[in-house]
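Please open the structure in your viewer and keep the sequence panel visible beside it. This tour moves from one selection to the next and says what can be found at each stop.

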Amino acid sequence: MDEERVAGLIEFVYTSERNPTADDFADVMGLQEAKTPEFANLDEIAKLPVMCHLLRKFRMMGRVPQNQQDFVYNKLAALHVAAMVDRFLEPPPLPAGAGNDFVEDYKLNNVYVEVLGTISHTPYFAKYLNSDLPAAQGGKQLMRTVAQRLVEVAPSWDQKMLIPQPRREPGYFESAAATAIQMLSTLLAFFTEEPQDSPIRISKELKDQVLPWLRKWERRHSRIFLGKVCERTRSQLEGDMVVTAEAKLMRRMLLNLDRCGKRGCQSKSHLKVCSKCKTVRYITKRQTGSMPRDLTRTFATALITDAVETPLYLLKK
């Protein structure tokens, strides 16, 4: 990692007068030809700190209204979620000479899981997970992969949480673990209705390996986010009835199954799917299939003020 370049990019992020965009996030991850030259050709180690500061600026209180943040997150997810998942499953190589600490953590502590966690609340992420098309098959491997990698790094991260690490800020590994476990919790919620023997689900053997770490960190870190997300994820894996019911509700919301898609209508009953886009539901048959032709390639949610143009292969099951 070119530390001097990273320091310069972090300064660039905070001194730039404009707010971060979906293109900025994609540029940093290397998912497109960079539209901001400063973000071009970052190595895999440099991408994560630059992205974290970009996200930190984006989330600064009052800087970007929540509906505009969601617009950016939806656009990023719509255009790049498949590529992000693919890169998480098969991470690009680290630069030559990367230290052992980076190599050990990389598969579960990288820019792709960081951003996937950020966009996991968007309907586009849910549509991707729900799709049966070849481009979305990575989503079916995601839950098992996160769980398996968590088991692999947990012993090391557990020690690093207790012993301050050089070149790492305090709480770094608690935050890394929380990000991964939050992703696991979201995936457990989304796939909660999968049959028990589904290959998408975590096997009993893998579950038995994950649970001890969740219980340990839940007790030790009860006052911070890591403890709270461990508690929720443990409850999901143990089949807690209340948490399971909440997970099913969350799944319906992510899939946009819970309310009418007509702007301003909040009805949650007698909904019928749009016959054109297959992704929005309406309260009356008259509204169903009545979207203008130029909008049939879009998916609007109550969280954004305008529809985002979206590749159909990410949305249609």
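Begin by selecting Ala-22, Phe-25, Ala-26 and Met-29 in helix H2, and then add Val-72, Lys-75, Leu-76, His-80, Met-84 and Arg-87 in helix H4, which are the residues they meet. Sorted by class, the residues of this contact of H2 with H4 are seven nonpolar, one polar and two charged. Now show H2 and H4 as ribbons and look at their axes, which come within 9 Å and cross at roughly 15°. With an angle under 35 degrees counting as roughly parallel, H2 is therefore roughly parallel to H4. The crossing of these two helices, H2 and H4, is right-handed.

Before the next stop, zoom out to the whole model, which is a predicted one. The protein has 13 helices and two strands, and 51% of its 317 residues are buried. If you consider the contacts with a separation of 6 or more, residues 24 or more positions apart account for 66% of them.

Next, select helix H6, residues 111-119. How many of the nine residues of H6 are buried? Eight of the nine are, so H6 is largely enclosed by the rest of the structure. The buried residues to highlight are Val-111, Tyr-112, Val-113, Glu-114, Val-115, Leu-116, Thr-118 and Ile-119. To see what surrounds them, display H2, H3, H4, helix H7 (123-130) and helix H9 (172-190), against which the buried residues of H6 pack. At the start of H6, look for Asn-110, where a side-chain oxygen reaches to within 3.0 Å of the backbone nitrogen of Tyr-112.

From there, move to Asn-109, which is found in the loop between helix H5 (100-105) and H6. Is Asn-109 buried or exposed? Its relative accessibility is 12%, and because buried means under 20%, Asn-109 counts as buried. Show the side chains of Asn-109 and Tyr-172 together, since a polar contact of 2.8 Å joins them. If its neighbours within four places in sequence are left aside, Asn-109 is in contact with Leu-48, Trp-157, Tyr-172 and Ala-176.

Now select helices H1 (residues 3-15) and H3 (residues 44-58), which pack at an angle of about 15° with their axes 10 Å apart. That angle makes H1 roughly parallel to H3, and H1 passes H3 in a right-handed crossing. To display the contact, choose Val-6, Leu-9, Ile-10, Val-13 and Tyr-14 on H1, together with Ala-46, Pro-49, Val-50, His-53, Leu-54, Arg-56 and Lys-57 on H3. These residues divide into nine nonpolar, one polar and two charged.

While H1 is on screen, pick out Thr-15, which lies in this helix. With 54% relative accessibility, Thr-15 counts as exposed, and its side chain reaches the backbone oxygen of Glu-11 at 2.8 Å.

For the last stop, select helix H10 (residues 204-220) and helix H11 (residues 225-237), which pack at an angle of about 145° with their axes 8 Å apart. H10 passes H11 in a left-handed crossing. On H10 the contact is made by Lys-207, Val-210, Leu-211, Leu-214, Arg-215, Trp-217 and Glu-218, and on H11 by Leu-226, Gly-227, Cys-230, Glu-231, Thr-233, Arg-234 and Leu-237. Coloured by class, the contact of H10 with H11 shows seven nonpolar, two polar and five charged residues.

Key: Residues numbered from 1 in each chain as written. Predicted model: local features only at pLDDT ≥ 70, side-chain atom pairs only at ≥ 80, totals over all residues. Heavy atoms only, no water. Helix = DSSP H or I, 4+ residues; strand = E, 2+ residues; numbered from the N terminus. Buried < 20%, exposed > 50% of the residue type's maximum accessible area, 1.4 Å probe, protein only. Polar contact = N/O pair within 3.5 Å; in protein donor to acceptor, adjacent residues only side chain to side chain. Axes fitted to C-alpha atoms, helices over the stretch in contact; angles between N-to-C directions. Parallel < 35°, antiparallel > 145°, perpendicular 65-115°, else oblique. Left-handed = near helix turned anticlockwise from the far one by under 90°. Contact = heavy atoms within 4.5 Å. Nonpolar A, V, L, I, M, F, W, Y, C, P; charged D, E, K, R; others polar.
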